[in-house]
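The exercises below concern the chain shown here. Work through each task before reading its solution.

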Amino acid sequence: MKILFAYRNCESLGIEYISSILKQNGHKTDLIFDPGAGDVEFKFNTVSKFFKFEKDMLVKIKHFSPDLIAFSSMTNLFPWVKKMTTLIKEQFDIPILVGGLHPTASPLKTITYKHIDYICRGEGEYPTLELIEKLESGQSINDIKNIWLKVNGKIKKNPIRPLINNLDELPFPDKDLFFKYGAFSKRYYIMAARGCPFECSYCYNKQLKEIYGNAPNYYRLRTVDNVINELKWALERYNYKKIYFYDDIFGLNLKWLKNFANKYKNEINKPYKCLLRPQNLTKEKLSLLKKSGCQEIDIGLESGNERVRKEILNRNISNKIMYKNLYLIKQSGIDFSTLNIIGNPTETIEEMLDTFEMNYKIKPKGALFHILYPFPETTIYHKCIEEGDLDNKRIEIVKEGISSYRSHPIITRNYDYVVKFNIFAPIFLKLPPFFKKFLFKIPPLKIFRIISIYFLTTPRNFRLRIFESLILPKIA
Ligand code: SF4
């Protein structure tokens with residue numbers, strides 16, 4: 001069977017794993033990829049308009065003539081998925097499957113969209129393979145675990161299958177799929193683990209865990225050897241310069257990290273970046289990270305206010321531990337950037353300023369201040385509704401994914417302050433203390449929004465997306 005994946009923005013490890021399993025079982029796969037030039041944290045509409053890929057994608061479908069088209073969708077990619085599925089169905093009679101976090105968390109919203117035939121909830125490797133094999137052999141596809149579909153006008157909701165317990169059994173992700181579109185020409189994405197043991201109120205992990213019946217094996221690690229083998233294999237093939245560990249929290253297991261640090265240094269020895277949570281840091285961990293080659297850390301600071309962290313974000317970390325551990329990173333000599341959320345339900349302006357202050361004191365290399373995006377059905381989404389921060393219009397916007405962290409603030413609480421904070425905090429972090437008092441005094445003009453982007457990591461992403469967009473037509 002021929003399966004054509006469709007994705008926008010950046011490389012998708014989820015798609016790469018599914019493609020690998022399908023290829024291993026004799027199926028042919030390809031990709032229609034829209035680098036999404038223009039949509040980084042701030043949407044550059046003019047740039048987006050300049051790079052339009054819809055036509056090329058339809059031509060590709062015609063040439064590849066797939067038996068199934070498979071999308072992966074985060075919530076904020078759903079508008080693009082709807083647009084593309086509509087365009088596809090106008091010209092082709094090909095079944096469409098949508099997997100990823102959005103159909104997992106909002107299955108009904110996704111499957112009821114008229115141009116979507118099947119959705120996949122949870123891990124997609126084996127359900128997609130079973131679907132393809134059954135479609136090929138003409139068997140009934142009605143009872144495939146994780147797959148929901150429309151049968152005689154009704155939604156057939158199949159239960160979820162157990163998690164893949166041994167991640168080492170999976171083939172290495174099919175990187176070729178994205179590599180030919182330049183999608184990771186500058187960095188190699190890899191996951192050493194799946195899942196996260198924590199339950200932050202704004203994160204999909206809690207829901208995912210619940211969907212899997214709070215399975216004790218929700219957080220799973222690959223063996224160090226398996227990870228190292230992939231990196232060696234990939235180095236020969238793609239000659240990457242830098243690695244990005246895409247785990248929700250890297251190196252949670254100290255025994256694993258010790259083993260990894262040794263082998264990585266000896267056998268790979270490339271700079272890498274990873275994501276960490278402040279609560280789980282120790283001097284020992286940071287020294288292992290540093291020795292092994294960790295060059296950069298993204299750290300989920302989220303809020304500088306203890307009440308907001310504990311009561312609203314469900315991150316049980318005191319200010320004392322936060323400062324202690326953030327200074328530990330500083331002392332380790334590893335560059336770090338913070339990830340922050342503003343516009344939280346019940347958050348006052350003073351509490352929001354605590355987030356600025358914490359960042360100001362620790363002086364990270366970069367700081368991203370996301371306006372809260374309450375993903376549908378997360379704990380914080382319900383809290384926002386309860387507190388009146390999401391009105392009916394905004395609930396629909398959130399459910400449809402018609403928004404982004406920066407360009408369409410969806411929160412009503414302290415709206416003007418949140419917007420100004422979002423724009424000016426990255427700039428004011430770099431200025432002497434005297435300027436702090438002007439944080440909310442400048443009008444949030446578009447020009448300032450654009451300037452503020454240059455204080456984030458976004459310009460790098462923006463450059464990459466433009467680069468990918470430029471090389472795409474030559475090789476597609
Ligand atoms: S620690 Fe990170 S990945 Fe884990 S639940 Fe919290 S936000 Fe999600």
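Two strands pair if DSSP finds at least two bridges between them; helices (H or I, at least four residues) and strands (E, at least two) are DSSP runs, numbered from the N terminus. The model is predicted: local features need pLDDT of at least 70, side-chain atom pairs count only at pLDDT 80 or more, and totals for chains, interfaces and linings use all residues. Residues are numbered from 1 along each chain as its sequence is written.

**Exercise 1.** Determine how strand β6 (residues 147-151) pairs with strand β5 (residues 118-120) and with strand β7 (residues 154-157).

Solution.
- Step 1: β5 and β6 are antiparallel, with three bridges between them. Y118 has L149 of β6 as its bridge partner.
- Step 2: β6 and β7 also run antiparallel, joined by four bridges. Here V151 is opposite K154 of β7.
- Step 3: the hairpin of β6 and β7 has two residues between the strands, and N152 adopts a positive phi near 50 degrees.

**Exercise 2.** Give the strand order of the open six-stranded sheet and identify its edges.

Solution.
- Step 1: the order is β8-β11-β12-β13-β14-β15, and the pairing is parallel.
- Step 2: β8 (188-190) and β15 (366-371) each have a single partner strand, so they are the edges, and one side of each has no neighbour in the sheet.
- Step 3: from one strand to the next, the twist averages 20 degrees.

**Exercise 3.** Follow the sheet from β8 to β13, listing bridges and crossovers.

Solution.
- Step 1: three bridges link β8 to strand β11 (residues 243-245) in the parallel sense. One residue pair is I190 with F245 of β11.
- Step 2: β11 and β12 run parallel and are joined by two bridges, with I243 opposite Y272 of β12. The connection from β11 to β12 passes through helix α11 (residues 254-267), and this β-α-β crossover is right-handed. The term applies if, with the strands pointing away from the viewer, the path from the first strand over the helix to the second runs clockwise.
- Step 3: β12 and β13 are parallel over five bridges, and L275 is opposite D298 of β13. With helix α12 (residues 283-292) between them, β12 and β13 form a right-handed β-α-β unit.

**Exercise 4.** State how helix α15 (residues 349-362) is placed on the sheet.

Solution.
- Step 1: α15 lies across β13 (294-302), β14 (335-342) and β15.
- Step 2: α15 runs at about 175 degrees to β14. Axes are lines fitted to C-alpha atoms, for helices over the stretch in contact, and angles run from 0 to 180 degrees between N-to-C directions. Contact means that two C-beta atoms, placed from the backbone, lie within 7 Å.

**Exercise 5.** Check the span of helix α4 (residues 78-91) and describe its buried residues.

Solution.
- Step 1: the expected span is 1.5 Å times one less than the number of residues. For the 14 residues of α4 this should be 20 Å, and the end C-alpha atoms are 20 Å apart, which agrees.
- Step 2: a residue is buried if 20 or more other C-beta atoms lie within 10 Å of its own, exposed if 12 or fewer, and partly exposed in between. F78, V81, K82, M84, T85 and I88 are buried in α4.
- Step 3: these buried residues pack against elements including β1 (2-8), α3 (54-64) and α17 (392-400).
- Step 4: for the protein chain, buried residues make up 43% of the 476 residues.
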